[in-house]
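Here are a few exercises to work through with the model open in your viewer. Try each task before you read its solution.

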Amino acid sequence: MFYDNKLWFANNPEGEKICLLPKMANRHGLIAGATGTGKTVTLKVLAESFSDMGVPVFMADVKGDIAGIANPGTDSEDMQKRIEKFGLGAAGFTFNGHPVTLWDIYGQKGIQLRTTISEMGPLLLARLMDLNDLQSDILSVVFKIADDNQLLLTDTKDLKSMLNYVAEHNKDYEAEYGKMSPQSISAIVRAVVALETVGGDVFFGEPALDIMDWFTFGDMGKGMINVLDSESLINNPKLYSTFLLWLLSELFERLPEVGDMDRPKMVFFFDEAHLLFKDAPKSLLEKVEQVVKLIRSKGVGVYFCTQNPRDIPDGVLAQLGNKIEHALRAYTPADQKAVKAAAESFRENPEFSTYDTILALGTGEAVVSMLGEDGIPGVAEKAYILPPQCSFGAIDDAKRDSLIKGSICYSKYAVARDDVSAYEVLQRLVIEEAEAAEKAKAEIEEAKQKAKEEKEAEKQREREEREAARAAEKAERDAQKEAEKKLKEEERKKAKEEAERRRAVNSVGNSVAGTVGREVGKNVGSGFGKFGKTLGGNVGASLGRGLFSTLFKK
C-alpha cells in the first residue's frame, strides 16, 4: 500500500516496514519464485500501490486472477489476522478496488488491442514468425521497399500483397536492393498465413493502440491499471512475448527523456518473463537490453516476473535494482546451482544465509533487496508480503463486461477499420499494370496487324506489278507475234502474188514460146512431110518454153 510517500509492500521479521522508494521505482525490478510461492499476490500489492500513488500500470493476466484487482477484497478471519500481524489497521488499510482497463488481443475478454505490421517492425515480426536469418533479411528489405514507396503495412493482407508483389517484380528491385529468391519470399508468405491462424489477422490492423491511452487515471487521481488478458494468448508464447517486447519498444520510442523523477510515469509488469527471451536471436536480446537500460530515463519502471532469475539474461538482470525473491526449490544439482546464483545476486547479509533462507521460504515470504536513497542496493533481508486491498480471485463476466464497455477507450477501439494501405494500392497498381499490359498487347497486336496488312498490301502490289509486267510482256509478245504474223502474211501474200505473177508470166511465156517454137519447128520439119511438121512443131514448142523459162527465171 502507498504509505508515507513510499510503497510499503512487506515487513521484516521484526515488524519493520520494507518499502520501495518511488524515485527508485524506475530502476526496474525482479519478482521471482517457484509456482505457488505468492508471486501473483506480490504483483497485486505492488500494482495497487503504484495506482494509489498516481502511477499508471500495465500487467499481463496469465492465469485470469489479476483482473480481480478491480474488486475490493473481502474480510475474513484470516485477513484480520494478517491485518493485525502487519499493523495495517493503524496505517489506514481498507478493502478497495482500483481503476482497471481490460485489453485483449483477440477482443474477447477485453477491449480489442491492435497494432500495425509497420509499427511491429521486421525484427520482432521475424521472431514472431520464426524466420531464419536469410528470411529475416529479406523481410527487412521488403519493409525498406514499402517505406521507400510510401506503402503502409497495416495488416497481414498488406504484408502478403507486398511480399507477392516483390516476388513478381524481383528483377526490378534486384539492382537496388539485392537478389531475393521467390522461394524465400514464398516461405515468408507461408509464415504470415500461419500467423493469421493464431490471431494475427485480428491483432494486426486499425485502429492501432495509441500507447498514450494507457497514461490515464481513475477516481481520486489513481493510476489506471491496464490489464492484458493473456489466458488464451499465453498458449502462443511467441505472440505473447513479441507483443510485450513491442510494448516496451513503443514506450521507449514515444516517451521523451525526463531524467530522474520523484515517481515513475508508468510501471510495466511482465509476467512469465522467461518467454520474452526464449529462443530470441542475439540482435533482439541486445535491443531488449538497450531498451531496459535506457527506458528508465524516460520515467518507466520495468518489473520482470518469472520462476527463476536465470531465465533473465545477465545483461538485463544487471539492470534490475529492486529484487523480490520468493522460494526456489532445489531438487537437482542444477537447481541447487541456480539457487546459489540467485543468492549470490543479493548483497550479503551477515545475519543469515541467503541461500538457506531462499530454500526455506514459505508462501507469501521472500528475500528482498531494495535500492536506497543513494541508489545502493540494500542488504538481503527476509520479508513477509502484505495482503492486497483488492480481491484475491478473478472477476465474473458481468463485472468484466461492465469494465470493458465502461472504459473511455472502448468506443475508440471497438470497431475495426480497413483504411487504404499497401494492399489496396498494390491491387490498383496490379490492375493498372494489367491494363497497361493489355493495352500494350493490343497495340502490339494492332501494329502486327497493320504490318501484316501492309505486308499483304505490298505483296498485292508486287503481284499486281508482276501481273502487269507479265501482261505487258504478253501484250508485247502478242504484238510481236501479231507483227510477225502480219509480216509472214504479207510475205506469204507477196510470195503468192509473186508465184501467181510467175505462173502468169510462165503461162504467157510458155504459150508464146510454144507458139513460136511450134511455128519454127513446123518450118524446120516441113521438109519431112506432114509428120515432120507436126513433130517439129511440138519439139519447137517444148524447146521454146524451156528457153523462155530459163531466160525469165529469177
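**Exercise 1.** Which residue forms a salt bridge with K405, and how far apart are the closest N and O atoms? Then place the pair in the fold and classify both residues by exposure.

*Solution.* Keep in mind that you're working on a predicted model.
- Step 1: the partner is D401, and the closest N and O atoms of the pair sit 3.6 Å apart. That passes, because the cut-off for a salt bridge is 4 Å.
- Step 2: K405 and D401 are both part of helix α14 (residues 397-405), with a spacing of 4 residues, about one turn of the helix.
- Step 3: K405 has a relative accessible area of 52%, so it is exposed, since the bar for that label is over 50%. D401 comes out at 38% and is therefore partly exposed.

**Exercise 2.** Take D148 and find its salt-bridge partner. Where do the two residues lie?

*Solution.*
- Step 1: D148 pairs with K144, with 2.8 Å between the closest N and O atoms.
- Step 2: both belong to helix α4 (residues 133-148), 4 residues apart, about one turn of the helix.
- Step 3: for accessibility, D148 is at 39%, so call it partly exposed; K144, at 42%, is partly exposed too.

**Exercise 3.** Which parts of the chain does the E206 and R417 pair link? Is E206 buried or exposed?

*Solution.*
- Step 1: check the distance: the closest N and O atoms of E206 and R417 are 3.7 Å apart, and the two form a salt bridge.
- Step 2: this pair ties together distant parts of the chain, 211 residues apart. E206 is in the loop between α7 (182-203) and β8 (225-229), while R417 is in the loop between α15 (410-413) and α16 (422-525).
- Step 3: E206 has a relative accessible area of 19%, so it counts as buried, because the limit is under 20%. R417, at 43%, is partly exposed.

For the whole structure, a search turns up 24 salt bridges.

**Exercise 4.** Describe how helices α8 and α10 pack: what is the crossing angle, and which residues meet?

*Solution.*
- Step 1: the axes of α8 (residues 237-254) and α10 (residues 282-295) come within 10 Å and cross at roughly 45°. That angle is why α8 is called oblique to α10.
- Step 2: the crossing of α8 and α10 is left-handed.
- Step 3: from α8, the contact uses L245, L248, S249, L251 and F252; on the α10 side they meet residues including L284, K287, V288 and I295.
- Step 4: sort the contact of α8 with α10 by class, and you get 10 nonpolar, 1 polar and 1 charged residues.

Definitions and conventions. Residues numbered from 1 in each chain as written. Predicted model: local features only at pLDDT ≥ 70, side-chain atom pairs only at ≥ 80, totals over all residues. Heavy atoms only, no water. Salt bridge = Lys/Arg side-chain N within 4 Å of Asp/Glu carboxyl O. Buried < 20%, exposed > 50% of the residue type's maximum accessible area, 1.4 Å probe, protein only. Axes fitted to C-alpha atoms, helices over the stretch in contact; angles between N-to-C directions. Parallel < 35°, antiparallel > 145°, perpendicular 65-115°, else oblique. Left-handed = near helix turned anticlockwise from the far one by under 90°. Contact = heavy atoms within 4.5 Å. Nonpolar A, V, L, I, M, F, W, Y, C, P; charged D, E, K, R; others polar.
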